[in-house]
Protein chains: 2
Amino acid sequence: MALLGLLKATGPASGYDLAKLFDSSINNAWKAGHSQIYPELARMTEDGLVTVEADGPRGRKTYTLTDAGWEALRHWLVGREPERHWRSEAALRAFLLPLLDAREAAAWLRREAEYYAERLRSLEELRHADGEEYPMKRAGFGRYALELGISQNRLLRDWALDSAADLERRAAEEENETATGEDAAERRAGD
Amino acid sequence: MALLGLLKATGPASGYDLAKLFDSSINNAWKAGHSQIYPELARMTEDGLVTVEADGPRGRKTYTLTDAGWEALRHWLVGREPERHWRSEAALRAFLLPLLDAREAAAWLRREAEYYAERLRSLEELRHADGEEYPMKRAGFGRYALELGISQNRLLRDWALDSAADLERRAAEEENETATGEDAAERRAGD
DNA sequence: GGACGACATATCAATCTCCACATGTGGTTA
DNA sequence: TAACCACATGTGGAGATTGATATGTCGTCC
């Protein structure tokens with residue numbers, strides 16, 4: 001479906017073009033290497049969703065979206081089957097974080113925050129980039145998706161920083177209590 | 001890894017227990033049915049990450065985390081290999097949204113917003129629920145992950161509503177322009 | 001004219017994942 | 001005591017995914 005979408009957005013293209021386009025546009029939402037793209041294009045050709053034409057040099061094949069393909073894409077876009085797999089390593093780690101001690105967890109979160117901050121920067125750059133650098137923008141694309149990505153990364157960064165601060169505060173409090181307890185014990189021992 | 005984490009968090013458990021726990025806890029971050037869990041437990045037993053003991057009735061097998069298992073889990077939690085698969089159907093749809101006309105896209109977004117709002121409600125309920133209803137809370141778990149989930153769903157809901165409103169505004173503007181153009185044409189025709 | 005990098009397509013094996021099918025036991029309740 | 005539900009564990013096959021490997025061409029720069 002992602003391939004159909006790109007074909008619709010850009011017009012006829014080769015598998016190679018699509019692979020590059022994938023990288024430079026929806027790679028944040030969906031990943032696919034050329035070893036997935038080529039067989040998929042062959043399958044879609046069989047299904048009549050696209051047509052092929054061998055035209056360019058180096059055995060280049062240009063694929064074009066058919067009416068049936070656009071219909072299928074449209075149907076998928078509008079359809080609302082509940083999302084099948086929402087799966088995120090980051091979320092899993094976040095969930096299991098309390099297994100580590102507070103200091104360690106906080107350190108991990110701070111590194112995570114840096115990572116999100118970096119992604120945030122690169123997305124914000126994209127927002128100010130023009131069509132040359134960001135081909136999908138020419139088609140008015142990714143406008144809303146880009147804003148979403150920016151907001152999400154900002155949220156993630158702030159969440160990581162806040163959680164880290166919270167964990168550190170708790171750790172400090174605990175150490176204080178322990179220290180007080182030890183002081184008391186020492187005082188008792190000294191009696 | 002998710003399994004190891006749950007084992008660490010809850011202590012010894014059977015595959016059945018883990019499957020249920022999965023559903024009631026990290027299901028939002030990671031999904032796994034029993035048909036994945038049982039083979040995975042067998043594999044981890046071979047690798048020495050857990051030990052099995054057939055004890056309960058009905059062929060129940062209880063799995064216990066070994067030191068090696070905890071070490072592996074710890075290593076995974078602390079380690080920071082860049083996230084491998086971030087893949088989201090919703091994000092993909094969001095990206096391809098401009099392929100639809102504005103009204104249709106807005107309608108889709110409003111339905112999407114409803115969905116996020118519902119998830120938001122259920123997560124907020126979870127926040128106020130006590131350990132009885134939400135077993136992982138007993139272990140102090142999911143505290144930060146839960147807050148993250150709430151923030152994310154709120155963000156998603158607001159993004160969908162804002163984007164829908166924006167699309168509708170643009171569609172209305174366009175229609176106005178078109179109508180004005182037609183008026184002018186009619187006036188010319190009437191001359 | 002040779003080297004090199006970008007263009008361009010393809011296949012294979014290993015692994016992961018999903019869904020459906022399959023099988024059986026223990027406790028409770030009508 | 002029969003029925004039923006929760007408990008409990010598996011297998012098998014289709015399809016997706018990843019990463020490695022393979023092969024060859026075109027244009028350009030030195």
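These questions and answers cover one helix of chain B and the protein surfaces near two DNA strands in a predicted model.

Trainee: How many residues does helix H3 of chain B have, and what does it reach from its first C-alpha to its last?

Mentor: H3(B) covers residues 34-46, which makes 13 residues. At 1.5 Å a residue, 18 Å is expected. The model comes close to that, with a reach of 19 Å.

Trainee: Why do the buried residues of H3(B) line one face of the helix?

Mentor: The buried residues are Ile37(B), Leu41(B) and Met44(B). An α-helix has 3.6 residues a turn, so residues three or four places apart point the same way. Seen down the axis of H3(B), the buried residues therefore line one face, within an arc of 70 degrees.

Trainee: Which residues are exposed on the other side of H3(B)?

Mentor: Start with the buried residues, which pack against helices H1 (2-10) and H2 (15-24) and strands S1 (50-54) and S2 (61-65) of chain B. The other side of the helix holds two exposed residues, Ser35(B) and Glu46(B).

Trainee: What residue with positive phi follows H3(B)?

Mentor: Look just past the helix for a phi near 80 degrees. The residue there is Gly48(B).

Trainee: Which part of DNA strand C accounts for 70% of its atoms within 4 Å of the protein?

Mentor: The protein surrounds strand C with 17 residues, and Gln36(B) and Tyr16(A) are among the closest. Of the strand C atoms within 4 Å of the protein, 70% belong to sugar and phosphate.

Trainee: What distance separates the side chain of Gln36(B) from a phosphate oxygen of DNA strand C?

Mentor: Strand C has several polar contacts, including one of 3.5 Å from a phosphate oxygen to a polar backbone atom of Gly15(A). Arg58(B) places a side-chain N or O atom 3.4 Å from a sugar or linking oxygen. For an N or O atom in the side chain of Gln36(B), the distance to a phosphate oxygen is 2.6 Å.

Trainee: Which residue has a polar side-chain atom 2.5 Å from a phosphate oxygen of DNA strand D?

Mentor: Strand D also has several polar contacts, one of them 3.0 Å from a phosphate oxygen to the side chain of Arg60(B). Arg58(B) reaches a sugar or linking oxygen of strand D at 3.5 Å. The 2.5 Å phosphate contact belongs to Gln36(A).

Trainee: How many charged residues does the surface near DNA strand D have?

Mentor: H3 of chain A and both H2 and H3 of chain B each supply at least two residues of this surface. By class, it has 3 nonpolar and 7 polar residues, and the charged ones number 7.

Conventions: Residues are numbered from 1 along each chain as its sequence is written. Chains are lettered from A and ligands numbered from 1 in the order in which they are written. Side-chain values use heavy atoms; hydrogens and water are left out. Helices (H or I, at least four residues) and strands (E, at least two) are DSSP runs, numbered from the N terminus. The expected span of a helix is 1.5 Å times one less than its number of residues. Buried means under 20% relative accessible area, exposed over 50%, partly exposed in between (1.4 Å probe, protein chains only). The arc is that of the directions from the helix axis to the C-beta atoms. Contact means heavy atoms within 4.5 Å. A residue is near a molecule or strand if one of its heavy atoms lies within 4 Å of it. A polar contact is a pair of N or O atoms within 3.5 Å; within protein, one must be able to donate a hydrogen and the other to accept it, and residues adjacent in sequence count only if both atoms are side-chain atoms. Ala, Val, Leu, Ile, Met, Phe, Trp, Tyr, Cys and Pro count as nonpolar, Asp, Glu, Lys and Arg as charged, and the others, Gly among them, as polar.
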